[in-house]
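Colleague: I should be grateful for a close look at a single part of this model, followed by an account of its charged surroundings. Please begin with one ion pair and proceed outward from there.

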Amino acid sequence: MSSNVGLSTPRGSGTSGYVQRNLSHLRPRDNIAPYPKDYDSIKAHKQRQPDKEILEHDRKREVEVKCFELRDKLEDEEVDEEEIEARVDEMRKRLLGEMKTGGRIDPRGLKPHQVHELAAAKLAESERLRNALGISADYEEGSHWRKQGEEKERRREQRENEYARAKGRESSP
């Protein structure tokens with residue numbers, strides 16, 4: 001036993017007294033900070049933008065899966081090939097038309113690997129929240145404080161100008 005580590009005696013402890021390192025303990029790393037240290041990198045961090053082409057591809061793929069399921073079902077029912085083609089084409093046109101109008105994406109039904117769908121849902125949620133709170137689209141975080149500072153500076157300059165004019169009037173007679 002060295003440097004006061006471990007038990008004074010292993011008797012009654014149910015262990016052999018051998019001291020092991022705790023491999024599950026996570027040591028903090030100083031060189032890799034979990035948060036950015038400078039304000040510019042925080043300000044530059046924007047919300048992830050979804051790739052529209054990937055989203056469109058996934059929607060078209062869903063349409064084709066549904067069409068294939070219909071085709072498979074109709075083939076099992078032994079419907080003739082021309083009727084199958086007609087029904088599948090009709091369903092494809094209807095689903096593609098619904099796809100163009102778009103729909104709200106429910107983030108609860110998405111998997112973690114669907115990053116573009118999650119990003120699109122997050123953008124839609126942020127837009128709804130922004131509209132509900134009445135925040136303008138060109139709002140910049142911290143702009144209120146900058147406006148207050150500019151107003152304070154403008155009033156200070158105005159007071160100094162008035163003071164200089166009043167001082168000029170006093171010294172002129």
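Modeller: The part I propose to examine is a salt bridge between the side chains of Glu56 and Lys60, with N and O 3.2 Å apart. The model is a predicted one, and the values that follow are computed from it. Both partners belong to helix α2, and because they are four residues apart in that helix, about one helical turn separates them. Neither end of the pair is classed as buried: Glu56 is partly exposed, with a relative accessible area of 37%, and Lys60 is likewise partly exposed, at 41%. Both values lie between the 20% and 50% limits, so each residue falls in the intermediate class.

The setting of this pair is a wholly helical arrangement of elements. The protein chain contains five helices and zero strands, and from the N terminus on its elements run α-α-α-α-α. Of the 173 residues in the protein chain, 11% are buried. Its accessible surface comes to about 15800 Å², and carbon and sulfur atoms account for 51% of that area. As for contacts between residues at least 6 apart in sequence, 47% join residues at least 24 apart.

The salt bridge of Glu56 and Lys60 is one of 12 found in a search of the whole structure. Two other pairs invite comparison with it. In helix α3, Glu98 and Arg94 lie four residues apart, about one turn of the helix, and they form a salt bridge whose closest N and O atoms are 3.5 Å apart. Here too the partners are partly exposed, Glu98 with a relative accessible area of 43% and Arg94 at 45%. In helix α4, which covers residues 115-133, Glu127 and Arg130 are three residues apart, again separated by about one helical turn. Their side chains meet in a salt bridge with an N to O distance of 2.3 Å, and Glu127 counts as partly exposed at 36% relative accessibility. Beyond these pairs, a network of salt bridges links three residues, namely Glu64, Asp89 and Arg92.

Returning to helix α2, one finds acidic residues in another arrangement. Glu69, Asp72, Glu75, Asp76, Glu77 and Glu78 gather in a patch of negative charge on the surface. Residues in such a patch have no salt bridge, so the members of this group stand apart from the pairs described above, in which an acidic side chain meets a basic one. Asp76 lies in helix α2, which spans residues 52-76. Asp76 counts as exposed because its relative accessibility is 58%, over the 50% limit for that class.

Glu78, another member of the patch, is placed in the loop between α2 and α3, the latter helix covering residues 81-101. With a relative accessible area of 72%, Glu78 is exposed. Its backbone also deserves attention: Glu78 has a positive phi of about 60°, although it is not a glycine. Most residues other than glycine have a negative phi.

To draw the account together, helix α2 holds the salt-bridged pair Glu56 and Lys60 as well as Asp76, a member of the negative patch. That patch also includes Glu78, which lies in the loop that follows, between α2 and α3.

Conventions:
Residues are numbered from 1 along each chain as its sequence is written. This is a predicted model: local features need pLDDT of at least 70, side-chain atom pairs count only at pLDDT 80 or more; totals for chains, interfaces and linings use all residues. Side-chain values use heavy atoms; hydrogens and water are left out. Patches are made of residues with over 30% relative accessible area and no salt bridge: like charges are joined within 9 Å, nonpolar side chains (Val, Leu, Ile, Met, Phe, Trp, Tyr) within 5 Å. Accessible areas come from the Shrake-Rupley method with a 1.4 Å probe; for residues, only the protein chains shown count as cover. A salt bridge is a side-chain nitrogen of Lys or Arg within 4 Å of a carboxyl oxygen of Asp or Glu. Lys and Arg count as positive and Asp and Glu as negative; His and the chain ends are not counted. The place of a charge is taken as NZ of Lys, CZ of Arg, CG of Asp or CD of Glu. Helices (H or I, at least four residues) and strands (E, at least two) are DSSP runs, numbered from the N terminus. Buried means under 20% relative accessible area, exposed over 50%, partly exposed in between (1.4 Å probe, protein chains only). Contact means heavy atoms within 4.5 Å.
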